[in-house]
Amino acid sequence: MIDVKNLSKSFENQLVLDNICEHISPGEKVVIIGPSGSGKSTFLRCLNLLETPTAGTITFEGAVITDPKVKIDQVRQQMGMVFQHFNLFPNMTIRKNITLAPVRTGLMRQEEADGLALSLLKRVDLVDKAEAYPSQLSGGQKQRIAIVRALAMKPKVMLFDEPTSALDPEMVGEVLDVMRELAQEGMTMVVVTHEMGFAREVGSRVLFMDGGHILEQNTPQEFFDHPQHPRTQLFLSKVL
Amino acid sequence: MEAFRADFAKKFTMAFLTGDRWKLYLKGMATTLELTACALIIGVVLGVLVAVVRSAHDQQRPGRRNPVLGVVNFVCKIYTTVIRGTPMLVQLLIWGMVIFKSTRNRFFVGMLGLGINSGAYVAEIVRGGLMSVDAGQSEAGRSLGLDYIDTMRYIVIPQAFKNILPSLGNEFIVLFKDTSLVSSIGAAEILYYAEAIGGKTYEFMFPLYGTALMYLIFCIVLTWLQGKLERRLRQSDRR
């Protein structure tokens with residue numbers, strides 16, 4: 001589904017991603033963990049070109065999206081993204097937050113989008129917030145809305161950039177529940193997170209990044225029980 | 001005391017009442033307001049255009065730079081630098097006495113000079129407003145597949161507008177007062193009439209005090225309106 005070849009990214013003179021090759025198949029739940037500054041968020045943001053790679057190619061569903069001629073907006077419509085800081089639009093109601101993109105990109109008409117928003121809100125148990133503004137919601141509620149906002153575009157893959165890192169501890173659970181459900185439905189997911197429990201339970205593959213490299217990857221079971229690389233062992237001994 | 005009062009009444013009459021001169025002040029004030037409104041429209045249109053060009057240029061993805069945008073951006077940069085780097089009075093004199101020295105319509109010349117001047121300041125205000133909106137907002141819009149224009153139109157600009165309203169209001173009030181400078185190129189606004197009346201009666205105190213008072217009253221009203229609008233926009237945050 002997503003094929004990354006020799007991806008490098010540098011900011012100014014600092015190399016953040018160093019020649020990364022990776023393949024993500026449909027239905028996979030890839031969890032990326034690693035210390036801060038390891039390049040995991042940058043890697044994720046390169047996948048939908050929020051960051052422009054310095055070198056290398058990214059192929060999504062057979063199209064080389066790093067080619068400047070590709071219409072990037074159309075590619076992004078198929079890739080949902082959830083941010084650490086939610087990034088809901090404060091000037092719109094929740095319903096408008098969810099329906100804006102599907103309507104403006106011509107995916108559906110306003111009435112259809114309203115119906116879809118309603119069913120998505122039901123799913124995350126926030127129907128009563130449809131006409132509220134983001135400032136009236138708690139962090140956990142905001143993030144659940146951000147997830148369904150991305151889902152309203154009916155994406156083929158969902159990218160999560162530390163979706164629970166900005167939440168109060170007691171709200172982490174409700175967001176992870178939504179993501180868990182999404183995983184069970186078979187959505188292809190790429191998740192950057194510090195939630196080791198979630199990685200172990202939901203992930204189908206865990207990548208460990210440090211210094212712009214993918215140092216180790218394995219099934220969650222193997223990865224957490226028998227880490228191979230010394231850096232992984234050190235990291236896990238600190239966080240587990 | 002009696003003599004002072006008589007002198008006061010005489011000068012007051014001369015400045016405002018003789019030959020219905022008070023009508024001239026009102027006529028001048030009407031011109032001042034018209035000038036402000038016209039210059040404001042020119043300023044806002046120019047300012048928004050320049051601001052959009054400047055920020056669109058700065059936000060281009062590396063490797064996909066548009067050469068035309070580069071040239072337009074350069075022109076915009078020169079415009080803001082020259083206008084903001086020279087005094088308004090000098091600019092107006094250049095417009096009125098060099099570029100349009102034989103144009104009879106002084107109102108038009110003044111309007112153009114003020115509008116072009118204001119545009120440069122508005123551009124910087126709007127650009128600041130666009131930059132003040134968190135980058136995550138446009139990232140969220142773009143990640144949903146919205147194009148640059150829609151992201152600006154529905155997400156960034158409405159938020160930027162609220163942020164720049166105080167500065168824009170200030171710019172509007174500054175512009176209102178700066179219209180008095182166009183009297184120097186012969187546009188018949190309020191100060192022009194006040195000076196004419198003063199010159200005719202050899203008595204400047206009352207015409208100038210009267211003019212100042214009228215400016216002050218309008219400024220107080222404008223400031224009050226501005227505060228009201230801001231409060232209303234802020235309320236929508238807390239809904």
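## Briefing: cysteines, salt bridges and the A–B contact

The cysteine closest to A:Cys46 is A:Cys21, and the two sulfurs sit 13 Å apart, which is too far for a bond. Keep in mind that this is a predicted model. A search of the whole structure turns up 0 disulfides over all chains, while salt bridges come to 25 over all chains. Chains A and B also meet, with about 2,300 Å² buried between them.

**Cysteines**

- A disulfide is a covalent bond between the sulfur atoms of two cysteines.
- Why does A:Cys46 have no bonded partner? The cut-off for a disulfide is 2.5 Å between sulfurs, and the closest cysteine sulfur to A:Cys46 is 13 Å off, so the pair is too far for a bond.
- A:Cys46 is buried, at 0% relative accessibility.
- Chain B gives another example: the closest cysteine sulfur to B:Cys219 belongs to B:Cys38, 18 Å away, so a bond is out of reach here too.
- B:Cys219 also counts as buried, with a relative accessibility of 12%.

**Salt bridges within a chain**

- Side chains of opposite charge can pair when their charged atoms come close.
- In chain A, A:Arg180 pairs with A:Asp177 in a salt bridge, and their closest N and O atoms are 2.8 Å apart.
- How far apart are A:Arg180 and A:Asp177 in helix H6 of chain A? They are 3 residues apart in that helix (residues 169–184), so about one helical turn separates them.
- Both partners are partly exposed: A:Arg180 has 21% relative accessibility, and A:Asp177 has a relative accessible area of 41%.
- In chain B, B:Arg84 and B:Glu124 form a salt bridge whose closest N and O atoms are 4.0 Å apart.
- B:Arg84 belongs to helix H3 (residues 67–84) of chain B and B:Glu124 to helix H5 (residues 106–132) of chain B, so this pair ties together parts that are 40 residues apart in sequence.
- B:Arg84 is partly exposed, with a relative accessible area of 43%.
- Shared salt-bridge partners link B:Asp58, B:Arg84, B:Glu124 and B:Arg127 into one network.

**Salt bridges between chains**

- How many salt bridges does the rule find across the interface of chain B and chain A? The number is 3.
- One of them joins B:Asp150 and A:Arg104, with N to O at 3.1 Å.
- That pair crosses from helix H7 (residues 148–178) of chain B, which holds B:Asp150, to helix H3 (residues 94–104) of chain A, which holds A:Arg104.
- B:Asp150 is buried, with a relative accessible area of 7%, whereas A:Arg104 is partly exposed at 35% relative accessibility.
- B:Glu139 and A:Arg45 also form a salt bridge, their closest N and O atoms lying 2.7 Å apart.

**The rest of the interface**

- Chain B brings 23 residues to the contact and chain A brings 30 residues.
- Carbon and sulfur atoms give 52% of the roughly 2,300 Å² buried between the two chains.
- There are 8 residue pairs in polar contact between chain B and chain A, counting pairs with both residues at pLDDT 80 or more.
- On chain B, helices H6 (135–143) and H7 each supply at least two residues of the side that touches chain A.
- Which element gives the most to that side of chain B? H6(B) does, with 7 residues.
- Sorted by class, the side of chain B that touches chain A has 10 charged, 7 nonpolar and 6 polar residues.

**Two buried spots to look at**

- B:Ala160 sits in helix H7 of chain B and is buried, with 4% relative accessibility.
- Leaving out residues up to four places away in sequence, B:Ala160 touches B:Gly129, B:Leu130 and B:Val133.
- B:Ala160 and B:Asp134 are 26 residues apart along the chain, and their C-alpha atoms are separated by 9.8 Å.
- A:Thr164 is found in the loop between strand S7 (157–161) and H6 of chain A.
- Is A:Thr164 buried or exposed? A:Thr164 counts as buried, at 6% relative accessibility.
- With residues up to four places away in sequence left out, A:Thr164 touches A:Val172, A:Val175, A:Leu176, A:Thr193 and A:Glu195.

Conventions:
Residues numbered from 1 in each chain as written. Chains lettered and ligands numbered in written order. Predicted model: local features only at pLDDT ≥ 70, side-chain atom pairs only at ≥ 80, totals over all residues. Heavy atoms only, no water. Salt bridge = Lys/Arg side-chain N within 4 Å of Asp/Glu carboxyl O. Helix = DSSP H or I, 4+ residues; strand = E, 2+ residues; numbered from the N terminus. Buried < 20%, exposed > 50% of the residue type's maximum accessible area, 1.4 Å probe, protein only. Contact = heavy atoms within 4.5 Å. Buried area = accessible area lost by both parts, 1.4 Å probe. Polar contact = N/O pair within 3.5 Å; in protein donor to acceptor, adjacent residues only side chain to side chain. Nonpolar A, V, L, I, M, F, W, Y, C, P; charged D, E, K, R; others polar.
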